[in-house]
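Reader: I would like a close look at a single part of this model, namely its aromatic ring pairs. Could you take me through them with their geometry and surroundings?

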Amino acid sequence: MSHDSAAAPEAAARKLSGRRRKEIVAVLLFSGGPIFESSIPLSVFGIDRQDAGVPRYRLLVCAGEEGPLRTTGGLELTAPQGLEAISRAGTVVVPAWRSITSPPPEEALDALRRAHEEGARIVGLCTGAFVLAAAGLLDGRPATTHWMYAPTLAKRYPSVHVDPRELFVDDGDVLTSAGTAAGIDLCLHIVRTDHGNEAAGALARRLVVPPRRSGGQERYLDRSLPEEIGADPLAEVVAWALEHLHEQFDVETLAARAYMSRRTFDRRFRSLTGSAPLQWLITQRVLQAQRLLETSDYSVDEVAGRCGFRSPVALRGHFRRQLGSSPAAYRAAYRARRPQGDRQPDPDTATAGAPRPLPPSDPPTTLPPENAVPFQTRRTATPMPAGAAGVPGQRSAAP
């Protein structure tokens, strides 16, 4: 699913001011930023790969505050440019912010606002979305960030339409991405937007990554409660829902347990988690189904019942929309990577929904061929399991 914003075409058509150049990319670094995320735009836009057919960008590395800038492992960086250099850039990238609880420097926020007013494209990778939000550049816009921090972003900036399912969101002149690898996806998307599929494909081959990925962050979402929900009265309701996913209940049931009207519950839930309660519930049921398919011998029909779906058809529909595969194909792909002898059934199967566990392993990461999945303009995402079929679509309907 892609975000469709009425403002995007108009925003994308905005012209740069005379002193800015489209080919100049400024990367804004702060002390305390993680080095991996910071290095992504430096590698994508800062290395000359014209011999491989990749058009060259001009990179400006700018300090967002006084240096030296300390990063992962105690390393110290010295950026060759300051905030003033942003005035020449057609694209400004904030690769990550050091802490979602700390306000960014006001001077850097002012520089970002000026750049946006003058037509520059503003990009936030991972927690860089918090800097864009602090500058007011995400107000009324769709955006994403790492799924772990999406609830905090939604709660702190309620005017931002946070979608934790997306790997990246392109809203024309403001773009945001999820965690580390999604930053690569978004940078490749920018190259594709600027110079076409061939250039993005050539760059992807140099980076040894897929040129585009299908799906979303759903595969990586955690069952744990959002960081800031612990003391909220809704925490008990959310915890109850997670413990009773094997039962058939709906959002009205949750609203009743919270002693709220459905409308009030929807509003409060979204403000805390960044997601509509129905979508959250469906996602949690699909995640539970995913675990059971990986770690148990239950049939698909049994998995549907143990995850609270009203029928196997409902499970198959939601599973395909979120993970791009049927439950059976997903299980087959997962088991193809696990030797049969590694399976260790749990003799205790009395608890409803309890899987027979396997030793922990990495999820399947086999990627489809470059042209196997139609490109979706505003989202690229998680790899499909080997042999999976189908492309994520609209998410709706009750579980």
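Author: What follows is an account of the aromatic pairs, with a helix contact added at the end. The model is a predicted one, and in it the count of aromatic pairs comes to 6. A pair of aromatic rings is described by the distance of the centres and the angle of the planes.

One of the pairs is formed by F45 and Y57, whose ring centres are 5.0 Å apart and whose planes stand at 80° to each other, an edge-to-face arrangement. This pair links distant parts of the chain, since F45 belongs to helix α2 (residues 35–46) while Y57, 12 residues away, sits in the loop between α2 and β2. Both F45 and Y57 are buried.

Another pair, that of F265 and F269, is tilted, with 5.7 Å from centre to centre and 40° between the planes. These two residues are separated by about one helical turn, because they lie 4 residues apart in helix α10 (residues 262–273). F265 counts as buried because its relative accessibility is 1%, under the 20% cut-off, and F269 is likewise buried, with a relative accessible area of 1%. Ring pairs join F265 and F269 with W280 in a cluster.

W280 also leads to a helix contact, for helix α11 spans residues 277–295 and packs against helix α14 (residues 327–336) at an angle of about 45°, the axes being 9 Å apart. The two helices are therefore oblique to each other, and α11 passes α14 in a right-handed crossing. On the α11 side the contact is made by Q290, L292, L293 and E294, and on the α14 side by P327, Y330, R331, Y334 and R335; these residues divide into 5 nonpolar, 1 polar and 3 charged.

How values were computed:
Residues are numbered from 1 along each chain as its sequence is written. This is a predicted model: local features need pLDDT of at least 70, side-chain atom pairs count only at pLDDT 80 or more; totals for chains, interfaces and linings use all residues. Side-chain values use heavy atoms; hydrogens and water are left out. Axes are lines fitted to C-alpha atoms, for helices over the stretch in contact, and angles run from 0 to 180 degrees between N-to-C directions. Angles under 35 degrees count as roughly parallel, over 145 as roughly antiparallel, 65 to 115 as roughly perpendicular and the rest as oblique. A crossing is left-handed if the near helix is turned anticlockwise from the far one by less than a right angle, and right-handed if clockwise. Contact means heavy atoms within 4.5 Å. Ala, Val, Leu, Ile, Met, Phe, Trp, Tyr, Cys and Pro count as nonpolar, Asp, Glu, Lys and Arg as charged, and the others, Gly among them, as polar. Rings of Phe, Tyr and Trp (its six-membered ring) pair if their centres lie within 6.5 Å; planes under 30 degrees apart count as stacked, over 60 as edge-to-face and the rest as tilted. Buried means under 20% relative accessible area, exposed over 50%, partly exposed in between (1.4 Å probe, protein chains only).
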